[in-house]
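Me: I have some questions about how the elements here are named and judged. Please show me the structure before we begin.

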Amino acid sequence: KVGLRFDPIIFSNNYRSIYSSFFRKVFTSFENKKIHSVTLGTLRMPVIFFKKIQKLHSNEKNLFSKLFNENKQINYQKNIDNEVTNFCMNNILKYIPKDKIFLNK
């Protein structure tokens, strides 16, 4: 059996088309009975690590625009996080039952 880990899910302007296509390709590559579980989570990281990435990729302003610092952890804004998580969850549910999906937050 296989455990699939979709973590981190990255927000972008076209994330819907990217992830719809991605999930379709992944889930049509496996027999459902061979999938043990799926883990889903959006981007999150410690502030120190985020600052290093920001320095290395200072020209990628769009990549960092929807993030905020909460308790020394960088996350997407709640509305973005919920939107992306719900979209991905609904897409994955087309292929496997909900009891096999676990959220990382």
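Reply: Valine 38 stands opposite isoleucine 101 in β6. This is a predicted model: local features need pLDDT of at least 70, side-chain atom pairs count only at pLDDT 80 or more, and totals for chains, interfaces and linings use all residues. Residues are numbered from 1 along each chain as its sequence is written, and side-chain values use heavy atoms, without hydrogens and water.

Me: What makes β2 and β6 a pair?

Reply: Two strands pair if DSSP finds at least two bridges between them. β2 and β6 have four bridges, in the parallel sense. So they count as paired. Strands here are DSSP runs of E, at least two residues; helices are runs of H or I, at least four, and both are numbered from the N terminus.

Me: Why are β1 and β6 called edge strands?

Reply: The open sheet runs in the order β1-β2-β6. β1 and β6 each pair on one side only.

Me: How do you know that the span of α1 is close to the expected one?

Reply: The expected span is 1.5 Å times one less than the number of residues. α1 (residues 15-27) has 13 residues, and 18 Å is expected. From first C-alpha to last, α1 reaches 18 Å.

Me: What puts the buried residues of α1 on the same side?

Reply: Buried means under 20% relative accessible area, with a 1.4 Å probe and protein chains only. Tyr15, Tyr19, Ser20, Phe23, Val26 and Phe27 qualify. They cover an arc of only 140 degrees around the axis, so they share one side of α1. The arc is taken from the directions from the helix axis to the C-beta atoms.

Note on methods: Buried < 20%, exposed > 50% of the residue type's maximum accessible area, 1.4 Å probe, protein only.
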